[in-house]
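This report covers the sheet, the core and one buried polar site of a single chain. The sequence and structure are shown first.

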Amino acid sequence: QVQLVESGGGLVQAGDSLRLSCQVSGRTITNIAMGWFRQAPGKEREFVAVISYASARTDYAASVKGRFTISRDNTKNTVYLQMNNLKPEDTAVYYCAVDRGLWGSSKAEEYDTWGQGTQVTVSS
């Protein structure tokens with residue numbers, strides 16, 4: 001019943017910005033941890049960002065720290081990933097997911113439900 005739908009990806013140039021959205025249906029997201037992951041061609045899925053229940057804590061991969069911001073809008077039941085100063089190495093399919101715990105995790109195997117992904121392509 002729980003569904004996650006990512007949107008907001010696209011083709012941009014290095015230095016541009018994008019905001020990804022993850023619309024969640026079937027449950028409220030206020031008191032759960034949500035994460036963003038990405039997978040580039042030929043690469044393993046990697047952690048990007050996580051936000052804990054009640055947005056008490058956030059964490060980011062070192063490669064995106066200072067450039068990306070994870071947030072949520074409980075009214076819209078939506079999690080966002082604001083991506084600034086995009087680099088070619090950010091090119092990947094981006095996925096949002098529901099964490100099993102309250103505080104969030106950087107391990108993909110600890111997430112219960114995943115969206116279908118949205119493509120982000122950054123040209124050099």
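Strands here are DSSP runs (E) of at least two residues, numbered from the N terminus. The model is a predicted one.

Arginine 38 belongs to strand β4. Buried means under 20% relative accessible area; arginine 38 has 5% relative accessibility and therefore counts as buried. Its side chain makes polar contacts with the side chains of serine 63 and aspartate 90.

| Side chain | Partner side chain | Polar contact |
|---|---|---|
| arginine 38 | serine 63 | 3.4 Å |
| arginine 38 | aspartate 90 | 2.9 Å |

Apart from neighbours within four places in sequence, the residues in contact with arginine 38 include Glu44, Arg45, Glu46 and Val48. Ser63, Val64 and Phe68 are also among them, as are Glu89, Asp90, Ala92, Val93 and Tyr94.

Tyr94 also appears in the largest nonpolar core, which has 34 residues. Together with Met34, Trp36, Leu81 and Met83, Tyr94 has the most contacts inside this core. At least two core residues come from each of β3 (18-25), β4 (34-39), β5 (46-51), β7 (68-73), β8 (78-83), β9 (92-99) and β11 (118-123).

An open sheet of four strands runs in the order β1-β3-β8-β7, with antiparallel pairing. Its edge strands, β1 (3-7) and β7, each pair on one side only. On average, neighbouring strands of this sheet are turned by 15° against each other, direction ignored. Within the sheet, β3 and β8 run antiparallel and are joined by six bridges. Leucine 18 faces methionine 83 of β8.

Technical notes. Residues are numbered from 1 along each chain as its sequence is written. This is a predicted model: local features need pLDDT of at least 70, side-chain atom pairs count only at pLDDT 80 or more; totals for chains, interfaces and linings use all residues. Side-chain values use heavy atoms; hydrogens and water are left out. A nonpolar core is a set of buried Ala, Val, Leu, Ile, Met, Phe, Trp, Tyr and Cys residues joined through side-chain atoms within 4.5 Å. Buried means under 20% relative accessible area, exposed over 50%, partly exposed in between (1.4 Å probe, protein chains only). Two strands pair if DSSP finds at least two bridges between them. Axes are lines fitted to C-alpha atoms, for helices over the stretch in contact, and angles run from 0 to 180 degrees between N-to-C directions. A polar contact is a pair of N or O atoms within 3.5 Å; within protein, one must be able to donate a hydrogen and the other to accept it, and residues adjacent in sequence count only if both atoms are side-chain atoms. Contact means heavy atoms within 4.5 Å.
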